[in-house]
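Here is a short walk through one structure, starting at a single residue and moving outward to the domains.

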Amino acid sequence: LLSKLPDVGVSIFTQMTLLAQETGAINLAQGFPDYDPPQELLEALAQHARTPGHHQYAPMPGLPRLREAIAAQIGRLHADAPVPDPATEITVTAGATEALYAVLAAVVRPGDEVLVFEPAYDLYGPAIRLQGGVPRYVRLPAPHFRPDWEAVRRVVSPRTRLVLVNTPHNPSGAVFTADDWNEPGPPAVRHRCPGAQRRSVRAPRVRRDAPHERPPAPELRERSFVLSSFGKTYHATGWKVGYCIAPPALTAEVRRVHQFLTFAVSTPTQHALADVLEADTADAHARGLAQFYQEKRDAFRNLLEGAGWELLPVPGGYFQLARYDAFSPQKDLAFAQFLAREKGVAVVPVSAFYHDGFDEGLIRFCFAKQPSTLTEAAARLR
Ligand code: GLN
(Lines give C-alpha, C1' and ligand atoms only; values in the text may rest on other atoms or scores of the structure.)
Protein backbone atom coordinates (compact mmCIF):
# COMPACT_ATOMS: atom_id res chain seq x y z
CA LEU A 1 0.00 0.00 0.00
CA LEU A 2 1.28 3.43 -0.92
CA SER A 3 1.07 5.45 2.31
CA LYS A 4 -0.61 8.85 2.20
CA LEU A 5 1.59 9.97 5.09
CA PRO A 6 4.87 8.11 4.51
CA ASP A 7 6.87 10.49 6.70
CA VAL A 8 4.57 10.28 9.72
CA GLY A 9 5.36 7.93 12.59
CA VAL A 10 3.82 7.42 16.03
CA SER A 11 3.31 10.87 17.58
CA ILE A 12 6.02 12.18 19.89
CA PHE A 13 3.49 12.31 22.75
CA THR A 14 2.79 8.58 22.46
CA GLN A 15 6.51 7.83 22.02
CA MET A 16 7.51 9.71 25.15
CA THR A 17 4.66 8.26 27.20
CA LEU A 18 5.78 4.76 26.17
CA LEU A 19 9.36 5.65 27.12
CA ALA A 20 8.13 6.91 30.50
CA GLN A 21 6.27 3.64 31.08
CA GLU A 22 9.29 1.60 30.00
CA THR A 23 11.76 3.50 32.18
CA GLY A 24 9.49 4.38 35.09
CA ALA A 25 10.19 8.07 34.46
CA ILE A 26 7.80 10.75 35.72
CA ASN A 27 5.73 11.71 32.68
CA LEU A 28 5.96 15.46 32.12
CA ALA A 29 5.85 14.76 28.37
CA GLN A 30 2.33 14.20 27.08
CA GLY A 31 0.06 17.08 28.01
CA PHE A 32 -2.47 15.72 30.49
CA PRO A 33 -3.18 16.26 34.20
CA ASP A 34 -2.26 13.60 36.76
CA TYR A 35 -5.26 14.67 38.88
CA ASP A 36 -8.92 13.88 38.29
CA PRO A 37 -11.80 16.03 37.08
CA PRO A 38 -13.90 17.80 39.74
CA GLN A 39 -15.89 15.43 41.96
CA GLU A 40 -19.24 16.89 40.80
CA LEU A 41 -18.40 15.93 37.23
CA LEU A 42 -17.52 12.36 38.20
CA GLU A 43 -20.72 12.04 40.22
CA ALA A 44 -22.76 13.43 37.35
CA LEU A 45 -21.23 10.89 34.99
CA ALA A 46 -21.91 8.03 37.40
CA GLN A 47 -25.49 9.14 37.73
CA HIS A 48 -26.03 9.39 33.98
CA ALA A 49 -24.32 6.05 33.45
CA ARG A 50 -27.05 4.54 35.67
CA THR A 51 -29.87 6.42 33.97
CA PRO A 52 -31.88 4.34 31.52
CA GLY A 53 -32.35 6.09 28.21
CA HIS A 54 -29.00 7.89 28.19
CA HIS A 55 -27.12 5.28 26.22
CA GLN A 56 -28.10 5.69 22.60
CA TYR A 57 -26.86 8.15 19.99
CA ALA A 58 -26.90 11.78 20.97
CA PRO A 59 -28.17 14.18 18.30
CA MET A 60 -25.49 14.67 15.63
CA PRO A 61 -24.57 18.29 16.56
CA GLY A 62 -24.47 17.50 20.29
CA LEU A 63 -27.05 17.32 23.09
CA PRO A 64 -29.19 20.48 22.92
CA ARG A 65 -28.83 21.00 26.68
CA LEU A 66 -25.03 20.87 26.45
CA ARG A 67 -24.96 23.32 23.54
CA GLU A 68 -27.31 25.63 25.44
CA ALA A 69 -25.14 25.43 28.55
CA ILE A 70 -22.01 26.26 26.51
CA ALA A 71 -23.73 29.30 24.97
CA ALA A 72 -25.09 30.46 28.32
CA GLN A 73 -21.69 30.28 29.96
CA ILE A 74 -20.06 32.24 27.13
CA GLY A 75 -22.75 34.88 27.64
CA ARG A 76 -21.97 35.09 31.37
CA LEU A 77 -18.17 35.03 31.07
CA HIS A 78 -17.76 37.31 28.04
CA ALA A 79 -20.28 40.08 28.39
CA ASP A 80 -18.76 41.90 25.41
CA ALA A 81 -18.98 38.97 22.97
CA PRO A 82 -22.04 37.90 21.00
CA VAL A 83 -23.57 34.72 22.39
CA PRO A 84 -23.49 31.89 19.84
CA ASP A 85 -26.79 30.34 18.86
CA PRO A 86 -26.74 26.76 20.20
CA ALA A 87 -28.97 25.55 17.37
CA THR A 88 -26.90 26.84 14.47
CA GLU A 89 -23.47 27.85 15.75
CA ILE A 90 -22.24 25.19 18.20
CA THR A 91 -21.23 21.62 17.36
CA VAL A 92 -20.05 19.14 19.99
CA THR A 93 -17.08 17.10 18.74
CA ALA A 94 -14.83 14.28 19.92
CA GLY A 95 -12.32 16.69 21.42
CA ALA A 96 -10.76 19.71 19.72
CA THR A 97 -8.82 17.22 17.59
CA GLU A 98 -11.94 16.04 15.78
CA ALA A 99 -13.17 19.62 15.49
CA LEU A 100 -9.90 20.64 13.86
CA TYR A 101 -10.00 17.74 11.45
CA ALA A 102 -13.65 18.42 10.55
CA VAL A 103 -12.90 22.10 9.89
CA LEU A 104 -9.93 21.26 7.67
CA ALA A 105 -11.91 18.63 5.78
CA ALA A 106 -14.83 21.04 5.36
CA VAL A 107 -12.82 23.99 4.11
CA VAL A 108 -9.54 22.93 2.48
CA ARG A 109 -9.53 21.91 -1.19
CA PRO A 110 -6.57 20.40 -3.05
CA GLY A 111 -3.96 23.08 -3.60
CA ASP A 112 -5.34 25.40 -0.92
CA GLU A 113 -2.72 26.78 1.42
CA VAL A 114 -3.08 26.84 5.19
CA LEU A 115 -0.93 29.11 7.28
CA VAL A 116 0.58 27.36 10.27
CA PHE A 117 2.67 29.06 12.95
CA GLU A 118 5.59 26.90 14.06
CA PRO A 119 6.32 25.38 16.50
CA ALA A 120 2.97 23.70 15.84
CA TYR A 121 1.00 20.84 17.30
CA ASP A 122 1.91 17.75 15.29
CA LEU A 123 -1.58 17.16 13.87
CA TYR A 124 -1.81 20.31 11.76
CA GLY A 125 0.54 19.49 8.88
CA PRO A 126 -0.65 15.89 8.28
CA ALA A 127 -4.34 16.81 8.59
CA ILE A 128 -3.91 19.62 6.04
CA ARG A 129 -2.00 17.34 3.65
CA LEU A 130 -4.68 14.64 3.86
CA GLN A 131 -7.08 17.18 2.34
CA GLY A 132 -4.63 17.87 -0.48
CA GLY A 133 -3.82 21.20 1.17
CA VAL A 134 -0.39 22.75 1.47
CA PRO A 135 0.80 23.89 4.90
CA ARG A 136 2.71 27.18 4.73
CA TYR A 137 4.83 27.61 7.82
CA VAL A 138 5.71 30.84 9.60
CA ARG A 139 8.18 30.50 12.44
CA LEU A 140 7.48 32.04 15.84
CA PRO A 141 10.81 33.11 17.32
CA ALA A 142 11.91 32.10 20.85
CA PRO A 143 11.71 33.15 23.61
CA HIS A 144 8.36 34.99 23.22
CA PHE A 145 6.97 33.16 20.17
CA ARG A 146 5.14 36.28 18.98
CA PRO A 147 3.91 36.30 15.37
CA ASP A 148 5.93 38.37 12.93
CA TRP A 149 3.19 39.92 10.79
CA GLU A 150 5.63 40.98 8.09
CA ALA A 151 6.55 37.32 7.64
CA VAL A 152 2.85 36.42 7.61
CA ARG A 153 2.16 38.95 4.86
CA ARG A 154 4.91 37.45 2.73
CA VAL A 155 3.34 34.00 2.97
CA VAL A 156 -0.33 34.94 2.53
CA SER A 157 -1.44 34.58 -1.08
CA PRO A 158 -4.71 34.26 -2.99
CA ARG A 159 -4.41 30.52 -2.31
CA THR A 160 -4.47 31.00 1.48
CA ARG A 161 -7.65 29.35 2.69
CA LEU A 162 -7.18 29.25 6.43
CA VAL A 163 -4.94 30.52 9.22
CA LEU A 164 -4.54 28.27 12.25
CA VAL A 165 -4.15 30.15 15.48
CA ASN A 166 -3.50 28.26 18.70
CA THR A 167 -3.78 30.43 21.79
CA PRO A 168 -2.63 29.82 24.47
CA HIS A 169 -0.01 28.30 22.19
CA ASN A 170 1.22 24.72 22.49
CA PRO A 171 4.13 24.27 23.23
CA SER A 172 5.26 27.82 24.09
CA GLY A 173 2.36 29.21 26.13
CA ALA A 174 2.33 32.43 24.07
CA VAL A 175 -1.03 34.21 24.03
CA PHE A 176 -2.44 36.25 21.14
CA THR A 177 -2.91 39.89 22.15
CA ALA A 178 -5.50 42.38 20.94
CA ASP A 179 -2.82 43.79 18.63
CA ASP A 180 -2.19 40.39 17.12
CA TRP A 181 -5.87 40.06 16.29
CA ASN A 182 -6.18 43.59 14.95
CA GLU A 183 -3.15 44.48 12.93
CA PRO A 184 -1.30 44.30 10.75
CA GLY A 185 -1.61 40.63 9.87
CA PRO A 186 -5.22 39.64 10.29
CA PRO A 187 -6.68 42.43 8.12
CA ALA A 188 -4.32 41.42 5.32
CA VAL A 189 -5.42 37.87 5.76
CA ARG A 190 -9.03 38.80 6.34
CA HIS A 191 -9.85 40.10 2.92
CA ARG A 192 -8.33 37.09 1.25
CA CYS A 193 -9.33 34.13 3.40
CA PRO A 194 -12.82 32.73 3.23
CA GLY A 195 -12.21 31.15 6.62
CA ALA A 196 -9.77 31.88 9.38
CA GLN A 197 -9.52 29.63 12.34
CA ARG A 198 -8.61 30.16 15.91
CA ARG A 199 -8.36 27.57 18.52
CA SER A 200 -9.13 27.49 22.26
CA VAL A 201 -9.69 31.20 22.15
CA ARG A 202 -12.26 31.05 24.88
CA ALA A 203 -10.46 28.53 27.03
CA PRO A 204 -9.73 30.37 30.25
CA ARG A 205 -6.49 28.48 30.78
CA VAL A 206 -4.41 31.58 31.00
CA ARG A 207 -2.60 33.48 33.68
CA ARG A 208 -3.78 36.72 35.11
CA ASP A 209 -0.62 38.34 33.75
CA ALA A 210 -1.73 37.66 30.17
CA PRO A 211 -5.26 38.77 29.41
CA HIS A 212 -6.91 36.42 27.00
CA GLU A 213 -7.80 38.67 24.10
CA ARG A 214 -10.29 37.74 21.45
CA PRO A 215 -10.50 39.20 17.96
CA PRO A 216 -12.89 42.13 18.25
CA ALA A 217 -13.47 42.68 14.56
CA PRO A 218 -16.87 41.32 13.51
CA GLU A 219 -15.66 40.62 9.98
CA LEU A 220 -13.03 38.25 11.38
CA ARG A 221 -15.56 36.61 13.66
CA GLU A 222 -17.78 35.94 10.67
CA ARG A 223 -15.10 33.80 9.12
CA SER A 224 -13.73 32.11 12.22
CA PHE A 225 -14.08 28.68 13.75
CA VAL A 226 -13.40 28.63 17.50
CA LEU A 227 -12.38 25.23 18.85
CA SER A 228 -12.25 24.34 22.51
CA SER A 229 -12.02 21.25 24.64
CA PHE A 230 -13.47 20.13 27.97
CA GLY A 231 -10.44 17.85 28.22
CA LYS A 232 -8.48 20.95 29.17
CA THR A 233 -11.07 22.94 31.10
CA TYR A 234 -12.32 19.99 33.19
CA HIS A 235 -9.09 17.97 33.49
CA ALA A 236 -10.70 15.18 31.48
CA THR A 237 -8.54 14.63 28.38
CA GLY A 238 -9.71 11.02 28.21
CA TRP A 239 -13.35 11.97 27.79
CA LYS A 240 -12.67 13.42 24.35
CA VAL A 241 -15.40 16.06 24.32
CA GLY A 242 -14.83 19.42 22.67
CA TYR A 243 -16.75 21.80 20.49
CA CYS A 244 -16.62 24.11 17.50
CA ILE A 245 -18.27 27.54 17.42
CA ALA A 246 -18.75 29.17 14.03
CA PRO A 247 -21.35 31.25 12.21
CA PRO A 248 -24.30 29.27 10.78
CA ALA A 249 -22.95 28.90 7.23
CA LEU A 250 -19.58 27.60 8.46
CA THR A 251 -21.20 25.43 11.14
CA ALA A 252 -23.33 23.80 8.46
CA GLU A 253 -20.15 22.79 6.59
CA VAL A 254 -18.48 21.44 9.75
CA ARG A 255 -21.58 19.38 10.53
CA ARG A 256 -21.59 17.88 7.03
CA VAL A 257 -18.18 16.38 7.86
CA HIS A 258 -18.80 15.69 11.55
CA GLN A 259 -21.87 13.59 10.78
CA PHE A 260 -19.72 11.18 8.75
CA LEU A 261 -16.58 11.38 10.88
CA THR A 262 -17.94 10.46 14.32
CA PHE A 263 -21.66 11.20 13.82
CA ALA A 264 -22.14 12.07 17.49
CA VAL A 265 -20.25 12.20 20.77
CA SER A 266 -20.94 9.85 23.70
CA THR A 267 -24.25 10.64 25.39
CA PRO A 268 -23.55 10.18 29.14
CA THR A 269 -20.42 12.37 29.06
CA GLN A 270 -22.38 15.15 27.36
CA HIS A 271 -25.10 14.96 30.03
CA ALA A 272 -22.51 15.07 32.79
CA LEU A 273 -20.80 18.13 31.27
CA ALA A 274 -24.17 19.84 30.83
CA ASP A 275 -24.91 19.24 34.54
CA VAL A 276 -21.71 20.93 35.71
CA LEU A 277 -22.06 23.82 33.25
CA GLU A 278 -25.61 24.43 34.50
CA ALA A 279 -24.52 24.33 38.16
CA ASP A 280 -23.91 27.45 40.26
CA THR A 281 -20.23 26.53 40.55
CA ALA A 282 -19.57 26.50 36.77
CA ASP A 283 -18.31 30.06 36.39
CA ALA A 284 -16.16 29.93 39.50
CA HIS A 285 -14.51 26.82 38.05
CA ALA A 286 -13.85 28.55 34.71
CA ARG A 287 -12.57 31.74 36.33
CA GLY A 288 -10.45 29.81 38.82
CA LEU A 289 -8.44 27.96 36.16
CA ALA A 290 -6.13 30.88 35.49
CA GLN A 291 -5.11 31.08 39.15
CA PHE A 292 -4.92 27.28 39.40
CA TYR A 293 -2.38 27.02 36.58
CA GLN A 294 -0.54 30.18 37.52
CA GLU A 295 0.21 28.58 40.90
CA LYS A 296 1.44 25.38 39.28
CA ARG A 297 3.60 27.29 36.85
CA ASP A 298 5.16 29.43 39.58
CA ALA A 299 5.70 26.45 41.88
CA PHE A 300 7.44 24.48 39.15
CA ARG A 301 9.60 27.41 38.11
CA ASN A 302 10.59 28.10 41.72
CA LEU A 303 11.52 24.46 42.25
CA LEU A 304 13.87 24.60 39.25
CA GLU A 305 15.35 28.00 39.99
CA GLY A 306 19.11 28.27 40.10
CA ALA A 307 19.64 24.73 38.81
CA GLY A 308 20.95 25.75 35.38
CA TRP A 309 17.80 25.41 33.31
CA GLU A 310 16.91 28.45 31.25
CA LEU A 311 13.15 28.70 31.74
CA LEU A 312 11.35 30.59 28.98
CA PRO A 313 8.45 32.97 29.77
CA VAL A 314 5.05 31.24 30.05
CA PRO A 315 2.08 33.60 29.72
CA GLY A 316 -0.57 30.87 29.26
CA GLY A 317 -1.32 27.18 28.87
CA TYR A 318 0.24 24.43 30.99
CA PHE A 319 3.63 23.88 29.43
CA GLN A 320 7.06 25.17 30.38
CA LEU A 321 9.80 25.37 27.74
CA ALA A 322 13.42 25.14 28.87
CA ARG A 323 16.84 25.48 27.29
CA TYR A 324 19.34 22.92 28.54
CA ASP A 325 22.59 24.07 26.93
CA ALA A 326 24.17 24.53 30.37
CA PHE A 327 24.04 20.72 30.71
CA SER A 328 24.53 19.28 27.27
CA PRO A 329 25.23 20.05 23.61
CA GLN A 330 23.00 17.15 22.54
CA LYS A 331 20.14 17.35 20.07
CA ASP A 332 16.81 17.77 21.84
CA LEU A 333 15.52 14.23 21.12
CA ALA A 334 18.74 12.66 22.40
CA PHE A 335 18.62 14.88 25.47
CA ALA A 336 14.96 14.00 26.11
CA GLN A 337 15.81 10.30 25.90
CA PHE A 338 18.73 10.82 28.26
CA LEU A 339 16.48 12.62 30.76
CA ALA A 340 13.94 9.80 30.75
CA ARG A 341 16.49 7.00 30.97
CA GLU A 342 19.10 8.51 33.27
CA LYS A 343 17.22 11.11 35.31
CA GLY A 344 13.73 9.66 35.41
CA VAL A 345 11.78 12.54 33.85
CA ALA A 346 10.07 12.29 30.46
CA VAL A 347 9.70 15.48 28.40
CA VAL A 348 8.95 16.40 24.79
CA PRO A 349 11.72 17.64 22.46
CA VAL A 350 10.47 20.83 20.80
CA SER A 351 11.90 19.83 17.37
CA ALA A 352 8.87 17.51 17.13
CA PHE A 353 6.76 20.66 16.64
CA TYR A 354 8.58 21.65 13.43
CA HIS A 355 7.91 20.07 10.02
CA ASP A 356 11.63 20.27 9.21
CA GLY A 357 12.82 19.11 12.64
CA PHE A 358 14.25 22.56 13.51
CA ASP A 359 16.12 22.07 16.77
CA GLU A 360 17.28 24.94 18.96
CA GLY A 361 17.87 22.91 22.08
CA LEU A 362 14.50 23.26 23.81
CA ILE A 363 12.40 20.75 25.72
CA ARG A 364 8.81 20.99 26.95
CA PHE A 365 7.62 20.12 30.46
CA CYS A 366 3.91 19.69 31.26
CA PHE A 367 3.21 21.19 34.69
CA ALA A 368 -0.45 20.10 34.89
CA LYS A 369 0.58 17.82 37.74
CA GLN A 370 -0.01 17.41 41.46
CA PRO A 371 2.39 19.31 43.74
CA SER A 372 4.04 16.05 44.84
CA THR A 373 4.73 15.09 41.19
CA LEU A 374 6.24 18.49 40.43
CA THR A 375 8.38 18.38 43.58
CA GLU A 376 9.75 14.93 42.80
CA ALA A 377 10.33 15.76 39.12
CA ALA A 378 12.15 18.98 40.03
CA ALA A 379 14.35 17.17 42.54
CA ARG A 380 15.41 14.80 39.76
CA LEU A 381 15.91 17.66 37.31
CA ARG A 382 18.08 19.55 39.75
N1 GLN B 1 -2.11 17.87 23.36
C2 GLN B 1 -1.23 16.96 24.04
C3 GLN B 1 0.16 17.53 24.15
O4 GLN B 1 0.49 18.53 23.57
C5 GLN B 1 -1.09 15.61 23.39
C6 GLN B 1 -2.31 14.94 22.93
C7 GLN B 1 -1.96 13.62 22.31
O8 GLN B 1 -1.12 12.90 22.79
N9 GLN B 1 -2.58 13.31 21.23
O10 GLN B 1 0.97 16.92 24.81
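In which loop does Gly31 lie? This is a predicted model, and in it Gly31 sits in the loop that runs between β1 (26-27) and α2 (39-49).

Is this residue buried or exposed? Gly31 has 21 C-beta neighbours inside 10 Å, and a residue counts as buried from 20 upward, so Gly31 is classed as buried. Leaving aside residues up to four places away in sequence, the contacts of Gly31 are Asn170, Tyr318, Phe319, Cys366 and Ala368. One of these partners, Tyr318, is 287 residues away from Gly31 along the chain, while the C-alpha atoms of the two are separated by 7.9 Å.

Gly31 also belongs to the surroundings of the ligand, together with Ser11, Phe13, Gln30 and Asn170. Sorted by class, this shell holds one nonpolar residue, four polar residues and no charged ones. Asn170 thus appears twice here, as a contact of Gly31 and as a residue around the ligand.

The wider frame is the division of the chain into domains. The assignment gives domain 1 as 12-37 + 283-381 and domain 2 as 39-282. Between their C-alpha centres there are 24 Å. Domain 1 brings 35 residues to the contact and domain 2 brings 37 residues. On the side of domain 1 that touches domain 2, at least two residues each come from α13 (282-304), β10 (319-323) and β13 (362-366). The most come from α13, which gives 10 residues. By class, the residues on that side of domain 1 are 23 nonpolar, seven polar and five charged.

Notes
Residues are numbered from 1 along each chain as its sequence is written. This is a predicted model: local features need pLDDT of at least 70, side-chain atom pairs count only at pLDDT 80 or more; totals for chains, interfaces and linings use all residues. A residue is near a molecule or strand if its C-beta atom, placed from the backbone, lies within 6 Å of it. Ala, Val, Leu, Ile, Met, Phe, Trp, Tyr, Cys and Pro count as nonpolar, Asp, Glu, Lys and Arg as charged, and the others, Gly among them, as polar. Domain bounds come from an automatic or database domain assignment. Two residues are in contact if their C-beta atoms, placed from the backbone, lie within 7 Å. Helices (H or I, at least four residues) and strands (E, at least two) are DSSP runs, numbered from the N terminus. A residue is buried if 20 or more other C-beta atoms lie within 10 Å of its own, exposed if 12 or fewer, and partly exposed in between; C-beta atoms are placed from the backbone.
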